[in-house]
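Got your viewer open? Let's take a walk through this model, one selection at a time.

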Amino acid sequence: PRLQIQPERLFVGPHHPDVGALATPSPDGSVHHFCQFTPKCLLAVSREEGWHDGTSRTTIRVDNEVEAHREANNYKFGFRKWKGNVTEKPIEDRSDIDKELHTDLSIVKNTEVPVVTVGNMAYVFLFGWWVSLTYLLICPVMFLTVFGVPYGKVCLKLAWYIIWPFGKSIQRACHLVDTSAVKPTNCDIVPQEHDDKDLVGDTDCAPLLVSSPLPVEIPVPTRPPRKTTKHWCRVGTLLWLLLGYPVLAVVHCLAFVLSWLPVFTIPIAKMNSRILTTVLLMAPEDIEIYSLDKKDVCETRVVLYCYQAFNVHYYKYTVQGINIFALNLLPLVFVTVIAGYADREHEYFSTETMFTIAITSIIPLSYYIGMGIASISAQSNFAVGAVVNATFGSITEMTFYITALLRGHRAGSNCYEEVVKSALAGTLIGCILFIPGICMTIGGIKHSEQRFNSRSAGVSSALLFISIGGVFAPTLFSKTFGNLVCESCSSTPGNGTVPFTCKDCRYDTTTADPHLILSHIEPLVYTISVLLPASYLIGLIFTLKTHAHIYDIHVSDGHGGQAHGHPVVHWSRWRALAVLIFATVLMASCADLCTVNIEPILSHSSVSQYFIGVTVLAMVPELPEIVNGIQFALQNNISLSLEVGSCIAVQVCMIQIPLLVLFNAFYDVGFVLVFSDIHLWASIFSVILVNYIFMDGKCDYFQGTALVAVYFIVLAVYFFAPSPRSC
């Protein structure tokens, strides 16, 4: 009776047969609701078929209203898909793995994890021996000072601890509990307090006989007052801070950095940080080291306890909502900008090195831009979210394209234009083939068969056809009405039917007939640049307004109606906007450094410039999106995985290319929307293939591997193709 249910907003699925009294709502009642947030209860299943032909109702469990907006935005056409949370999740609601990742190594857990592992033994050879050796060298120095003898003893104890810290605990001597006289209790489970009324009413845990409560006084022994130490006033402490602590601080900071950067060895970094900031600043008589047995698991008042040096789950680790890989790559961005503009003569870094670190720096910047877009969209209304996604959603690619075109225009070379076209075609082919293929493969390995909304996939496929047709229409036009130009022609003696033999023939509209470009191709390009954004706008209206029931998303509270207070967002709207602007400036700088340092690679590389454009320049900025798609697929949400690639491909054709045409109209950099034959046929073949895969509304790892195999076949064609003539 205490459960409040709203029948008009509730969906009961087949996994809850005991709730048979509740009727399933009709599809007509949910047509006008794109997203429903029900904070009362959660009785919905993940998916239900049959309300519309080819549609599926999806219910998502979220923690708060901000996360509900983020999840709903993932299903909106034209919005950037984002997997990570934008709010701080309460520690009690996290999984056991997540709790373990964010521990501060100050709690002894009741675990039966063995301490003799490959990772722990590798710690001894990589970190333990040289950090322990430093303590052994500091130890006699402190003994020679006479006043620092207590710290010398501490160094000796810590040297033996650091060489193998696993299964040992560092505790305060005044906080030790005599466990021999106290029976160990289970410290992991804390029973929730109930009042007498609830205890009587609960038939599962109520006693058989309930009597009146009798006041019973239980004497509680008073703990002796803690003895305050004055070790900061000692001469030995002053000598320790002058002779021992600075050296150990340098050693522990070095060990912290070396163990933090590989990500999976972060427990070692936490241990070094704990020793440096807490243990080494304690009074020497308060530091005690114990080797805990498996039965002594209730010693919770510890300063440091570590049982593993390597944890594969640390790829999920976040700091203020930022993924650890994006956080660790952030210093590389500043190194790239400083070194790139300070070392223009390449005295310290070669052009290949600068190009590599510059293109790598785009990865974390693309992540921060995506997180900023998701944070602002989740905390704002639809109009603000749509504007932010439209302006900043393509900023990563647009900064590189514009800087490359400007660089080529100043250098008087058309090679940069061909590289930009290769990057555009590579983004299309990668988003159409590789992203859906890799998501289907990885998701299909975990889930034998995955189903997705065929109607929403059909909308994306139709937009892809419109996009590819519009983008490559000028190319087909030029092949139909352009001039066939051949490099070398020679006559064959004795052959009257074929008087000339020509080689390297192609349709050339750039030099053969400029009048064709000015009178016919340019007006066609401008017309298409207007029609493509108009089609994109129609797609927005269709999927978000008039036919929102195609997606039929139901977002529900995951706490069963329990209030958890106002959600704590990682980034506020103003902070997210500041991050977006700052990341955009850094992105422009890194893109400029890429274009500056790519020129020698294009000139002297043995690899085709086509291949460089369709792989490195096209797919590296999309790595965060690929990771998001894989994470969606692992959670059996293949619909969003497919939408990730389709959304990027549609935005490339309907937003980015028209913007490039508009930029060229105001500042002529020689960009003509005519692609090479290899781009034309590869893109058309990719769209036809992926549309065939999307027809049945289900997929498995076989279809995914087929798409990935075709993608690598196309890459092989680009790899062995000759370089563009302008390069």
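Start by selecting Asn 636, which you'll find in the loop between helix H18 (623–634) and H19. Keep in mind as you look around that this is a predicted model. Asn 636 isn't a glycine, yet its phi is positive, at about 65°. Is it buried or exposed, or something in between? Asn 636 is partly exposed, with a relative accessible area of 29%.

From that loop, step into H19 itself. Select helix H19 (residues 638–666) together with helix H12 (residues 415–446). These two helices pack with their axes 8 Å apart, at an angle of about 170°. Since angles over 145 degrees count as roughly antiparallel, that makes H12 roughly antiparallel to H19. Now colour the contact by residue class: you should find 18 nonpolar residues and 5 polar ones where H12 meets H19, and no charged residues.

Next stop: a second residue with a positive phi. Select Gln 320, in the loop between strand E7 (318–319) and strand E8 (322–323). Gln 320 has a phi near 55°, a positive value in a residue other than glycine. Turn on the surface and you'll see that Gln 320 is partly exposed, with a relative accessible area of 48%.

For a contrast, move along to helix H8 (residues 324–342) and pick out Thr 336, which sits in it. How accessible is Thr 336? Thr 336 has 0% relative accessibility, so it counts as buried. Show what surrounds it: leaving aside residues up to four places away in sequence, Thr 336 touches Met 354, Ile 357, Ala 358, Ser 361 and Leu 593.

Time for some strands. Select E4 (residues 168–172) and E5 (residues 287–291), which run antiparallel and are joined by 5 bridges. To see one of the pairings, find Gln 171, whose bridge partner in E5 is Glu 288. Then add strand E6 (residues 304–306), which is antiparallel to E4 and joined to it by 3 bridges. Here the pair to look for is Ile 170 and its bridge partner in E6, Leu 304.

With the three strands on screen, which order do they take in the sheet? The order is E5-E4-E6, in an open sheet with antiparallel pairing. E5 and E6 stand at the edges with a single partner strand each, so each has one side left without a neighbour in the sheet. Tilt the view to look along the sheet: the twist averages 20° from one strand to the next. As you follow the side chains, remember that in a regular strand they alternate between the two faces of the sheet.

Keep the sheet displayed and add helix H4 (residues 149–163). This helix lies across E4, E5 and E6, and runs at about 30° to E5.

Finally, zoom out and show the whole protein chain. How many helices and strands does it have? There are 21 helices and 15 strands. Of the chain's 727 residues, 48% count as buried. Switch to a surface view and you're looking at about 36,400 Å² of exposed area, with carbon and sulfur atoms supplying 64% of it. One last thing to try is drawing the contacts: among those between residues at least 6 apart in sequence, 81% join residues at least 24 apart.

Definitions and conventions. Residues are numbered from 1 along each chain as its sequence is written. This is a predicted model: local features need pLDDT of at least 70, side-chain atom pairs count only at pLDDT 80 or more; totals for chains, interfaces and linings use all residues. Side-chain values use heavy atoms; hydrogens and water are left out. Two strands pair if DSSP finds at least two bridges between them. Helices (H or I, at least four residues) and strands (E, at least two) are DSSP runs, numbered from the N terminus. Axes are lines fitted to C-alpha atoms, for helices over the stretch in contact, and angles run from 0 to 180 degrees between N-to-C directions. Angles under 35 degrees count as roughly parallel, over 145 as roughly antiparallel, 65 to 115 as roughly perpendicular and the rest as oblique. Ala, Val, Leu, Ile, Met, Phe, Trp, Tyr, Cys and Pro count as nonpolar, Asp, Glu, Lys and Arg as charged, and the others, Gly among them, as polar. Buried means under 20% relative accessible area, exposed over 50%, partly exposed in between (1.4 Å probe, protein chains only). Contact means heavy atoms within 4.5 Å. Accessible areas come from the Shrake-Rupley method with a 1.4 Å probe; for residues, only the protein chains shown count as cover.
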